[in-house]
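Welcome, and please open your viewer. We will go from stop to stop, selecting residues as we go.

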Amino acid sequence: MGSTTALPHVSTEAWTAFRLRIKGQVVLPGDPDYETAREAKNTIYDRKPAVIVRAEDAADVSRSITFARRFGLPLTVKGGGHSIGGHSVNNGGLVIDMRRMNNIRVDAENRTAWAQSGAVAREFLAAVEPYGFAVPFGDAGSVGLGGITLGGGIGYLVRKHGLTIDNLLGIEMVTADGQIVQATETENPDLFWALRGGGGNFGVVTGFQYKLVELPQIYGGALVLPATKDVISAYAKLSLEAPEELTSISMVVKTPPMPFVPEEKVGELSLTIFVAYSGDIQDGPEAVAPLRALAEPIADTLGPMPLSGLYAFMEPAEQAARLRVRSGFYAKLNDEIVESALAFVQDGPVSVNFLQIRPIGNGAMNRVSPEATAFSHRDARFLLAIIDHWEDTEEDGANEAWVDAFWQSIAGYRHGVYSNFLQDEGEARVREAYATATFERLAKLKLRYDPTNVFSGNENIPPKPLSAVA
Ligand SMILES: Cc1cc2nc3c(=O)[nH]c(=O)nc-3n(C[C@H](O)[C@H](O)[C@H](O)COP(=O)(O)OP(=O)(O)OC[C@H]3O[C@@H](n4cnc5c(N)ncnc54)[C@H](O)[C@@H]3O)c2cc1C
């Protein structure tokens with residue numbers, strides 16, 4: 001048992017009772033696991049919680065919420081730890097770490113799966129791929145189901161199968177007052193609406209039920225092309241004209257060393273495209289032919305593979321590092337954006353930095369009504385993100401200045417932002433993630449489910465008096 005010194009205002013009796021009732025692990029400052037347990041992947045946020053509870057079940061989650069509230073401790077929830085704004089870890093409070101709650105149950109006959117929210121995308125695909133199924137998550141295997149699903153979830157199947165939330169059937173959640181509730185289209189439908197895009201504002205989700213899509217394999221991999229204005233512009237146009245089975249995520253980047261890139265090309269500017277064609281494998285070559293024809297490829301690994309095979313490309317970007325991201329939804333990739341990307345990436349600091357381009361338009365996510373879920377920007381055609389990773393605190397200034405100057409050059413063309421790509425950029429930016437009516441409905445529901453803003457360690461929707469949002 002650890003000492004109570006981290007929580008001087010908690011009586012020994014209360015502390016002992018809490019610890020005895022938690023089935024999972026309680027990690028305190030000084031414990032051997034503490035440094036690992038408090039890590040946020042974005043190392044800009046170096047926070048030191050007083051208590052970390054590695055929850056074992058919903059009852060642990062409920063007790064932790066009640067304890068934190070009783071003693072006025074800041075409370076945050078950690079899944080994969082990838083919050084760009086470092087929201088999953090706090091200073092001096094209690095962190096509920098969900099990672100031990102990562103069971104996944106597949107019902108192959110009914111094409112559904114239940115997953116505990118502490119599972120990460122790689123674990124989920126490992127459980128469903130043997131049955132020939134998938135769920136649309138993102139591009140990185142270590143991102144937590146909790147974070148990605150509650151924000152919306154934009155990945156390699158978005159044009160064919162929509163957002164992660166478009167494949168969500170139900171949720172189990174622990175509320176601010178410690179109750180375990182379910183939410184589906186018919187049970188607590190308002191809550192189910194809010195949780196599909198409203199982030200971690202309403203409670204701690206313990207489980208998700210997803211509908212599975214049939215996807216034994218994709219035709220995909222990496223296609224590395226020389227980055228010129230013509231190639232990037234044509235890629236953007238082709239991506240929206242392509243059959244919706246074809247989704248790609250690309251970056252304008254100084255080509256990093258990858259096993260399939262010729263050594264002499266490393267460091268040269270490229271458009272590196274990660275491709276997923278989710279139709280019939282035999283049709284894959286024809287579907288990607290227009291991309292291949294854009295220029296003489298520097299590298300081309302496209303072929304049949306499991307969807308999870310794409311996670312390998314993102315592994316370097318998933319490591320803990322200092323990270324700055326600025327992003328938005330766009331209607332088109334105009335010449336100014338393309339020229340800016342080429343110039344800024346060419347002159348970028350010595351770090352891993354790039355413009356990520358996600359063509360997401362003309363597909364399934366756009367067909368869902370913007371009122372149907374709390375995710376508002378259903379008409380978006382591109383998601384663009386300036387992403388910069390570096391190691392050394394002494395390089396903070398140069399990297400932040402580079403991201404901000406690049407962002408200034410393209411920010412004006414945006415139409416909203418994706419809440420999961422926000423980096424603690426202030427209330428106005430959170431509002432930008434939602435249509436006004438959606439934000440007001442979310443604020444009302446926040447008032448109902450979390451009136452004192454217990455769940456504020458997130459891209460926060462503040463509870464407002466009903467009169468202010470009626
Ligand atoms: C390398 C990288 C790649 C990414 N790729 C994609 C992508 O392709 N598509 C995409 O849509 N997004 C992507 N993202 C963004 C990602 O979806 C968000 O950062 C997400 O919040 C991370 O979730 P997490 O569980 O890993 O993070 P955490 O830091 O553990 O959690 C983030 C926040 O989510 C909330 N949360 C997490 N779990 C729960 C829970 N069980 N109950 C209630 N609230 C919870 C909390 O508010 C928490 O602060 C990426 C991020 C990174 C860093």
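**Stop one: a core residue**

Select I171: leaving aside neighbours within four places in sequence, I171 is in contact with W114, L150, V181, Q182, A183, F192, L195, V205, G207 and F208, where contact means heavy atoms within 4.5 Å. This is a predicted model, in which local features need pLDDT of at least 70, side-chain atom pairs count only at pLDDT 80 or more, and totals for chains, interfaces and linings use all residues. Residues are numbered from 1 along each chain as its sequence is written, and side-chain values use heavy atoms, with hydrogens and water left out.

Now add F124, F137, I154, F202, Y210 and L307, which together with I171 have the most contacts inside the largest nonpolar core, a set of 77 residues. Such a core joins buried Ala, Val, Leu, Ile, Met, Phe, Trp, Tyr and Cys residues through side-chain atoms within 4.5 Å; buried means under 20% relative accessible area (1.4 Å probe, protein chains only). A second, separate core of 40 residues includes Y219, L240, Y330 and A411.

**Stop two: a helix pair**

Show α4 (residues 121–128) and α10 (residues 311–318), helices being DSSP runs of H or I with at least four residues, numbered from the N terminus. Their axes, lines fitted to C-alpha atoms over the stretch in contact, come within 13 Å and cross at roughly 160°. α4 and α10 are therefore roughly antiparallel (an angle over 145 degrees, on a scale from 0 to 180 between N-to-C directions). Colour A121, R122 and L125 of α4, and Y311, E315 and E318 of α10, which make the contact.

**Stop three: G146**

Finish at G146 in helix α5 (residues 145–151). G146 is buried, at 15% relative accessible area, and touches S117 and F208, not counting residues up to four places away in sequence.

Key. Buried means under 20% relative accessible area, exposed over 50%, partly exposed in between (1.4 Å probe, protein chains only). Helices (H or I, at least four residues) and strands (E, at least two) are DSSP runs, numbered from the N terminus. Angles under 35 degrees count as roughly parallel, over 145 as roughly antiparallel, 65 to 115 as roughly perpendicular and the rest as oblique.
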